[in-house]
Structure formats: C-alpha cells, structure tokens
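Subject: Structure handover

Hello,

Here is the structure I promised to pass on. Please open it first, then read my notes below.

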Amino acid sequence: MDLAQNMLSCSALCFLVLLPALCVAQDTYTPSRATYYGSPDCLGTPSGACGYGEFGRTVNGGDVAAVSYGLYKNGTGCGACYQVRCTIPEKCTEDGVKVVVTDHGEGDHTDFILSARSYSKLAQPNMAKELIAYGVVNIEYKRIPCQYPGYNLMFKVHENSRYPEYLAVVMIYQAGQNDITAVEFWQEDCKQWRGMRHAYGAVWDVSNPPRDTITLRIQVCGYAGTQWMVASNAIPNYWKAGVAYDSALQLA
C-alpha cells in the first residue's frame, strides 16, 4: 500500500471514529456569553435564518435564540434545544431558561442572542430590568431534549414552494436531541432514493418533485448515532405551500 492509500485509509478511519462523537448530546454545561434582541412583542422573529417563518416566532412560547456558527452547524443545528443560565448568583435563577434555536447570529463574543422574553427569564424576580441593563451576560449552557407533547415531527411545505415544479420543506416539532443531516425522497419510476438539497437552515428543497404522494426519509444524528427514518406518504400529491403535514415519526 502506497503513502496516498495509507493516508486515505487513515482519514476514513478517523472519520468513522469521530462521526459518533459528533452526534453525542451534551451532558455538561459550557461557559459562554449571551445577549438579546428586541422585537415588538418580545418573542422570536419570523425571518430567522432557519426558515421557520411564523413557527420560529412563537415556538416554545417565544423562548427562542439565534446562535453562533458553531452551534448553528450550517443549519443542522436548527431546532435544537438548550438550557441557558446566567452566572451572576444574586441576579440569576438557578435553572435559567430553555430555548429553541431558530436563527443564526453572533454578538460580542456570544454564543446566544436570546429573544427578550427568554433573556428576561434568566433573571430572578424583579431583576429582569437590571439584567437587561447589562446588555451581555456570562452564561453556561447545555443541550437538552426538545419536547413537544402531542406532536409528531411535521414537514411544513415552505411558503416559497411552487406547485408542482418546486418543493421546499422545513422540519418542525423536532423532538429529542437529534440533528437532521440529510433528506431524501423516493423516486418510484426509478426505484431509488434521491437526495434533496440542503437549501439553508432547516429548509430542504428539490426541483420537479414526484407528482404522486411523496415518501421521505431523513438521516438523524443523535444519541444512537446516525440512522435513517422513513416517513411513508409524508406529503400528498396535491401539496400546498404553507401547510404542515404529519410525518407520523417521533424523534425522541
């Protein structure tokens, strides 16, 4: 075996060894910094980089966050849940707040830009105004399971979709501690799976999708490593932009 082959084998082995580690959820808190952004109602923004639209404004009661590139993971970090707590004992609660990632953004060496609502929840009673006055606070955070009682994972047809020639979907109610790292659809006439393009954030798209009912499968990276999950007949043949369809899948 020549040097090039040795290097290739070593690289492949390293990748196989490291891949499960990338999927393992976080058990301990990591120190960082957080700030907040303003909005008329103190909730999230419908124009976040994850592509959630109105869902990104109100999910989790508006306790949402924009995160740094390292946590955004080029969009596969969208939908992740984190426990965030500030570290000023006389002003901060012990538990802090649980937030859902709906956007990408970085401030003054921060990993989190919280909605005003969630930033206020870092504070002890009657301390929110003082914490807001800081602008930026030291925090610690860890990833936690997302919980959406009564909801399966849903495929929302993005508003920019154009029936029947262009289909974009965004995954919502993504429970557990999982990243969706690939999406494919079943091409019945070819009898094969075809990949959808990761457009941005949590949005996956394809031009000229099948005209029949669409079966999707998603690659999920979590505690159990990487696995494929199939959502049969996930999207009807006469799909509509803006409508969310139940996948019958639970990722938790």
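Start in the loop between S4 and S5, where His-109 lies. His-109 is not a glycine, yet its phi is positive, at about 55 degrees. Please keep in mind that this is a predicted model. Is His-109 buried or exposed? His-109 has a relative accessible area of 68%, and exposed means over 50%, so His-109 counts as exposed.

A second residue belongs with this one. Asn-126 is found in the loop between helix H4 (116–120) and helix H5 (128–134). Asn-126 is not a glycine either, and has a positive phi of about 70 degrees. Its relative accessible area is 78%, so Asn-126 is exposed under that cut-off of over 50%.

One more loop needs a look. Between strand S7 (153–157) and S8 there is a loop that holds Pro-164. The peptide bond that joins Tyr-163 and Pro-164 is cis, with omega at about 0 degrees.

Now the strands. Which strands does S1 pair with? Strand S6 (residues 137–144) pairs with strand S1 (residues 30–37) in the antiparallel sense, over five bridges. In that pairing, Glu-140 of S6 stands opposite Pro-31. Strand S5 (residues 112–115) also pairs with S1, here in the parallel sense and over four bridges. Thr-35 has Ile-113 in S5 as its bridge partner.

Next, the interior. How many residues does the largest nonpolar core have? The count is 46. Tyr-82, Val-84, Phe-112, Leu-122 and Leu-131 have the most contacts inside this core. Several elements give two or more residues to the core. Among them are S1, S5 and S6, the strands paired above. Strand S2 (64–67), strand S3 (81–86), strand S4 (97–104) and strand S8 (166–172) are also on that list, as is helix H3 (69–72).

Apart from this core lies another, of 24 residues. Val-183, Met-196, Trp-204 and Leu-216 are among its members.

Last, take a closer look at Leu-122. What is Leu-122 in contact with, leaving aside its neighbours within four places in sequence? The list includes Val-84 and Leu-131, which join Leu-122 among the residues with the most contacts inside the largest core. Val-97, Leu-114 and Val-137 are in contact with Leu-122 too. So are Arg-85, Cys-86, Lys-91, Cys-92, Thr-93 and Gly-96.

Over to you.

Best wishes

Technical notes
Residues are numbered from 1 along each chain as its sequence is written. This is a predicted model: local features need pLDDT of at least 70, side-chain atom pairs count only at pLDDT 80 or more; totals for chains, interfaces and linings use all residues. Side-chain values use heavy atoms; hydrogens and water are left out. Two strands pair if DSSP finds at least two bridges between them. A nonpolar core is a set of buried Ala, Val, Leu, Ile, Met, Phe, Trp, Tyr and Cys residues joined through side-chain atoms within 4.5 Å. Buried means under 20% relative accessible area, exposed over 50%, partly exposed in between (1.4 Å probe, protein chains only). Contact means heavy atoms within 4.5 Å.
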